[in-house]
Amino acid sequence: MTHADVLTDRFGRFHDYLRVSITDRCNFRCVYCMPEEGVAWQPREEILSFEEIERLARFFVERGVRKIRLTGGEPTLRNGYIGLVESLAAIPGLNQLAMTTNGTHLAQDAVALKSAGLASVNVSVDTLRQDRFFEITRRNELPRVLQGIETAHAAGLETKINVVVLPGVNEDEIIHFGDFACEHNLTVRFIEFMPFLDNGWNAGRVVSSAEIRARLSERFEIRPLGSGASDVAREYAIDGSEGRVAFVSSVTESFCSGCNRLRLTADGQLKSCLFLPPSVSLRDLIRGGAPDSELETAVRECLDGKWSAHPPMRNWAQRDNLTMVQIGG
Ligand code: SAM
Ligand code: SF4
């Protein structure tokens, strides 16, 4: 087995993108992501230390991973996370280090993150209305998040906005988000609502990317930009503007054939698919003193269990998975 073979699955898909959750904790309670009462946070000792994250990141980069995205829970809540960004960004062979965040700490941290080597941030904002922001996140933080977006952009971080579109909740803001993309020269990514444990999903609550595109087209001239086989978001230019819109259509137009993603949960479990339960604890292996060869075998076995595509999601009740806050998106 060569190094690159470790990350190629039975269907020939090479996995060069690793998403790493660095905490299961969050300061928001987004209705589509976690229950209002929260989920039981894992004890600190169960969460990967920064040294363990770095060891695993190096292991994956040596075998061909080129992009790492830090996520959570809310990654900016982890004490000392900017130092982690700095050490991961310095790993030879890693081309891109990114983060997905709810934006609450960006006004304070964006400049330091840029200096530490972070390339880009995706900031989740589902509404531009204050009252509605509280209904969705159960927190009153919209001004701080908007300030964070501005600071990140000004600091030179590539900045994109993630919007989960929910019927009867924020679908009437699709055009506002198009305007926001134009005014701020940003990409707004519209994400279809996906099923996770206890998150109130049903097929009737999915606003499809096709519907969102149709609504945008009533106001804007949008033009598809070429996307790579492994790009989850299909990007569109907006005529007359630097702003863009993009669509993440996991429910209605799934993109499994080009999937290049692996996921590491905050407690070190490896997931080969967003919709499959984790299959191995890399944390337990490294805490047990496993050499890289043993990690290779475990990763291979995990990828051997990856399906060619997830089953159609319409009529799908998600049972065995974790909540989204535990996976990290
Ligand atoms: N706390 C950070 C944030 O909100 O950006 C990072 C973690 S969050 C789980 C990652 C992404 O998953 C966010 O953009 C969020 O909107 C998205 N997400 C969470 N639950 C989702 C669901 N049920 N369907 C679609 N996207 C979801
Ligand atoms: Fe927290 Fe992000 Fe989930 Fe919202 S989407 S509850 S900010 S992890």
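# Pocket, shell and chain: worked exercises

The lining of the second largest pocket splits into 3 nonpolar, 3 polar and 3 charged residues. Here Ala, Val, Leu, Ile, Met, Phe, Trp, Tyr, Cys and Pro count as nonpolar, Asp, Glu, Lys and Arg as charged, and the others, Gly among them, as polar.

This is a predicted model, where local features need pLDDT of at least 70 and side-chain atom pairs count only at pLDDT 80 or more, while totals for chains, interfaces and linings use all residues. Residues are numbered from 1 along each chain as its sequence is written, chains are lettered from A and ligands numbered from 1 in the order in which they are written, and side-chain values use heavy atoms, with hydrogens and water left out.

**Exercise 1. Find which residues line the second largest pocket, and sort them by class.**

Step 1: get the term straight. On a 1 Å grid over the protein atoms alone, a pocket is an open set of points with protein on both sides within 12 Å along at least five of seven lines, whereas a cavity is a set where a 1.4 Å probe fits but cannot get out; lining residues have an atom within 4 Å of a point.

Step 2: list the lining. You get Ile22, Thr23, Arg25, Gln42, Arg44, Ile47, Leu77, Arg78 and Asn79.

Step 3: sort them. Ile22, Ile47 and Leu77 are the nonpolar ones, Thr23, Gln42 and Asn79 are polar, and Arg25, Arg44 and Arg78 are charged.

Step 4: add the volume. The pocket holds about 150 Å³ of space, taken as what probe spheres fill when set on the points, which are joined across faces, edges and corners.

**Exercise 2. Work out how the shell around ligand 2 divides into nonpolar, polar and charged residues.**

Step 1: collect the shell, meaning residues with a heavy atom within 4 Å of the ligand. That gives Cys26, Phe28, Cys30, Cys33, Met34, Gly73, Asn102 and Val325.

Step 2: count by class. There are 6 nonpolar residues, 2 polar and no charged; Gly73 and Asn102 are the polar pair.

**Exercise 3. Describe the fold of the protein chain as a whole.**

Step 1: count the elements. The chain has 10 helices and 12 strands, which are DSSP runs numbered from the N terminus (helices H or I, at least four residues; strands E, at least two).

Step 2: check the size. The radius of gyration is 19 Å, close to the 20 Å from the globule rule for 329 residues, so the chain is as compact as a globular protein of that length. The radius is taken over C-alpha atoms, and the rule is 2.2 Å times the number of residues to the power 0.38. Along the principal axes, the C-alpha trace spans about 55 × 40 × 40 Å.

Step 3: look inside. Buried residues account for 56% of the 329; buried means under 20% relative accessible area, exposed over 50%, and partly exposed in between (1.4 Å probe, protein chains only). Of the contacts (heavy atoms within 4.5 Å) between residues at least 6 apart in sequence, 72% join residues at least 24 apart.

**Exercise 4. Place arginine 29: which loop is it in, and what does it touch?**

Step 1: it sits in the loop between strand 1 (17-21) and helix 1 (50-62). At 13% relative accessibility, arginine 29 is buried.

Step 2: leaving out residues up to four places away in sequence, arginine 29 touches Met34, Pro35, Glu36, Gly38, Trp41, Ile136, Thr137, Arg138 and Arg139.

Step 3: follow up one partner. Arginine 138 is in the loop between helix 4 (130-137) and helix 5 (142-154), and is buried at 19%.

**Exercise 5. Arginine 138 and asparagine 185 are not glycines: what sign does phi have in each?**

Step 1: start with the background. Most residues other than glycine have a negative phi.

Step 2: read the angles. Phi is positive in both, about 60 degrees at arginine 138 and about 55 degrees at asparagine 185.

Step 3: place the second residue. Asparagine 185 lies in the loop between helix 6 (174-184) and strand 6, and is partly exposed at 40%.
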